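User: Can you walk me through how the helices and strands pack here? I'd like to go piece by piece.
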Amino acid sequence: CGFHLRGMGQSTPLAFASLHLQAPLTGLGEALQRQLSLRPDLTLLPANAAEASLVVDSESVDKQILTVNKSGRVVEYQLVYRARFHLSQSGRDWIAPTELTLRRDYSFDESNVLGKAAEEKALLRDMHHDAAQQIIRRLAALKPQAAPATPVPGK
Amino acid sequence: EEIAGTTTLQAEQIEGVGKGELQARGNVQIDSDGRRIEADWVKLFQDSGELQAGDNTRLSEQQNVLSGGALRLNETSRTGELATPSFRLGSGPRQGRGDAVKLLFDGPGKYKLQQARFTTCSVGEDDWFVRAGQLELDYSRNLGIARNGSIEFKGVPFLYSPYIDFSLDGSRKSGFLAPSFNLTGSGGVDVTLPYYWNIAPDMDATIAPRLIAQRGLLLNNEFRYLGERFGGELRAEAIHRDRDFGASRSAFSWQHKQQLFEGLSGEVDLQKASDDRYFVDFGDRIAVASQTFLPRQAALNYTIPGLSMSLLVQRYQTLQDSANPVTEPYARLPQLSFNYNAPLPAPYRFEMSGEGSVFKHGSQAVANSMARTQLDGRRSILYPSVSLPLERSWGFITPRIGAHLSRYALSDGRELKRELPVFSLDSGLYFDKDTEWFGNTLVQSLEPRAYYVRIPYKDQSAFPNFDSGVADFNFAQMFSENQYTGGDRVNDANQLTLALTSRLFTQDSGEERARFALGQRFYFDPQRVTLTETARSEDVTASDLIASVGGRPHDDWWLDASWQYDQQAHSSRKTAFNLRYQPLPGSSLNLGYRFDKRNDIKQADISAQWPLTRKINAVARYNWSIPDRRALETLAGLEYNGGCWVFRAVNQRFVTTANETSRTFFLQLELNDLGKIGSNPLQTLKDSIPGYSKLN
């Protein structure tokens, strides 16, 4: 059916062997740190020693009402998580600032506010993990020859 | 001929060349440093740097153009005056224009005008003007001040003020914001006139008196501040005597965040309302009116690589609806929690999470007959684990073993403990293939994943329930050990979750365009630990089946759908479907359907912002509860974009309690760049119509 194991057959190494991660210690930063450090083809290094820098510029979480019932009570919320990141190499953007938006729905239970708050946290962790995977997939898609293109003004 | 290096003078006739005074006549044009002066005649005084010109003059510099009668200008100090000026000033789309009886040059970028009119409307559209006895335009500070002024819309003056100030570049500026006019079912005529006070670059306030015909004057204050290491927002609103309610009422909230030192931060969230019905009566948005639990909490967070800790003190104010009473949540006074992970010899990983909490039941719940067993207590949990994550580009496998340890000391004197070993094995493979999709080259992945969990049974029926509940069944929950949130129940498990995900991502950038997922959990043992739900019967060996599909298959289309199917009952338990078509900003159409058996939800939802003509946009939402044959929210309105102003008329109705609805009619006129925007009805439109965007 045309599927092949990722990374087998055609070799798809990363376009760089070392990376600096500039991100908060919690949330997405922690998920990225964890997932990147598990890659055998990559070393995480300080900014001045690494070939490229992955920067998490900002993160935000917004909780929106998704469903109300006939009594005007909230039945479901939606968490909207946004993260902005970019990849730079010696002061130039390799991946321009990009925003990821992820959404998770969850039902609300008025008799279990604390439990739902814990569930909200678990969904946030899941989104951090998901966002980290999406970012790493974009890193993996970079081609070495496609390296630094446009200089960033002001740098 | 050239004078003084950078200046060029052209005219039909020039006299006095080489002397201190120079006169030119007939189509005079002087160019210097990108500035051009055109006039019938010009006198130049080279010693003082002064220039006089008439009878018709025009001064242009970059995008600034001033034309009028007699001109006097000192080149060095940029002072002088221009009679009967008409002007075009500023740059970009925010250019302002107007006319006056007299203009005074008051230094670089500064102008004072007498008997002036000012607008940001383009030439030929004289829809609105700021009229002023004296108008100051300061482009060095992007500030406009109209003294003894009024605002004129379509020739009708409507807001007189001795002092109106406004921003010349759309940045924050003190002044009156667009007033909003509501007509509500419960309060009658309702007018808000917000005043924005830009106290300092890092501090501002909005003071919004709100006159509600049937209740009285509600004073609404919002204060925001920002520092290098802190930021916060304070809101207070009060009505001295609510004529309809018969008492004074108020609400208060304070959110503050502070970076104390490297790694240590604190935050405070205090909210309070005077009575249970406060937000039902005064909230003009669902998000405000539906609030039930107001937190009062403070937290200290400490984070260093490998360790995060948090100390929380939290209590809630519960706003009860007599037709629909709810149990008040436990207060945590305090809760200390931490997560720690340490490097072990590679590739092992050690993790430990834990918490210690003191739970106190709420004071309100005591009087409430439906309250749960009112038991206070202390709980501590420690959960160390060791895992062996093995990751390759084509897959991963992670065995993990841990011990979940808990201790309780309860107010009735009981001491309980629970010690459970937890074993899990998570594994997955990644397959890829190249594919085509709407003419794009994409990679399609196929990602099977298997997750096994084993936790032995421990009778927990005597354990209290401080903060636990059954989590929603979804893809995040499928791959976690415990079906219960909070710390009071740990399920017995001998179960395997199987899931298959397929993603489409672009080959060149790795951007995810769409994903499809399917998953189910299989149980090898019957369920024994329960919370409030009935245990699943012994013959049930598989969970519901869940499927989801979502993404942006085409640039203009977004799709998000999920389905939870109960295989025993052969029926859907939960369905959600959302489709958005948004070909352009300002044109979006949303279709939604939600079904939830447990919560008795079956709703259709349609919303749109759609251009009817080049200038008129329709906005609408219709949220219909199918079994109740009742609209939960209806919204309809029009937006008229006059080019340099926008007018909005929006009617909204939404359910607030079991047998009440709130109805609001918003009218808003927004003059571009003259003031920031009031929160309504824009916030309502943003909440109700996904993809809503502002016209101007």
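Analyst: Sure. One term before the sheet: two strands count as paired if DSSP finds at least two bridges between them. Also, this is a predicted model.

User: OK, in what order do the strands of the sheet run, and is it open or closed?
Analyst: The sheet in chain A is open, with 5 strands in the order β3-β2-β4-β5-β6 and mixed pairing.

User: Which are the edge strands?
Analyst: β3 (43–44) and β6 (92–107) of chain A, each pairing on one side only.

User: And how many bridges join β5 to β6 in chain A?
Analyst: 13 bridges, with β5 (residues 74–89) and β6(A) running antiparallel. Within that pair, A:A83 sits opposite A:L100 of β6(A).

User: Switching to helices. What angle do α1 and α2 of chain A pack at?
Analyst: About 55°, with the axes 8 Å apart; α1 covers residues 28–37 and α2 residues 113–141 of chain A. Because of that angle, α1(A) is oblique to α2(A).

User: Which residues make the contact?
Analyst: From α1(A), they are A:L28, A:A31, A:L32, A:Q35 and A:L36. α2(A) contributes several, including A:H128, A:H129, A:I135 and A:L139. By class, the contact has 9 nonpolar, 4 polar and no charged residues.

User: Left- or right-handed crossing?
Analyst: Right-handed, as α1(A) passes α2(A).

User: Last one: which strands does α2 lie across in chain A?
Analyst: α2(A) lies across β2, β4, β5 and β6 of chain A, at about 150° to β6(A).

Technical notes
Residues numbered from 1 in each chain as written. Chains lettered and ligands numbered in written order. Predicted model: local features only at pLDDT ≥ 70, side-chain atom pairs only at ≥ 80, totals over all residues. Heavy atoms only, no water. Axes fitted to C-alpha atoms, helices over the stretch in contact; angles between N-to-C directions. Helix = DSSP H or I, 4+ residues; strand = E, 2+ residues; numbered from the N terminus. Parallel < 35°, antiparallel > 145°, perpendicular 65-115°, else oblique. Left-handed = near helix turned anticlockwise from the far one by under 90°. Contact = heavy atoms within 4.5 Å. Nonpolar A, V, L, I, M, F, W, Y, C, P; charged D, E, K, R; others polar.
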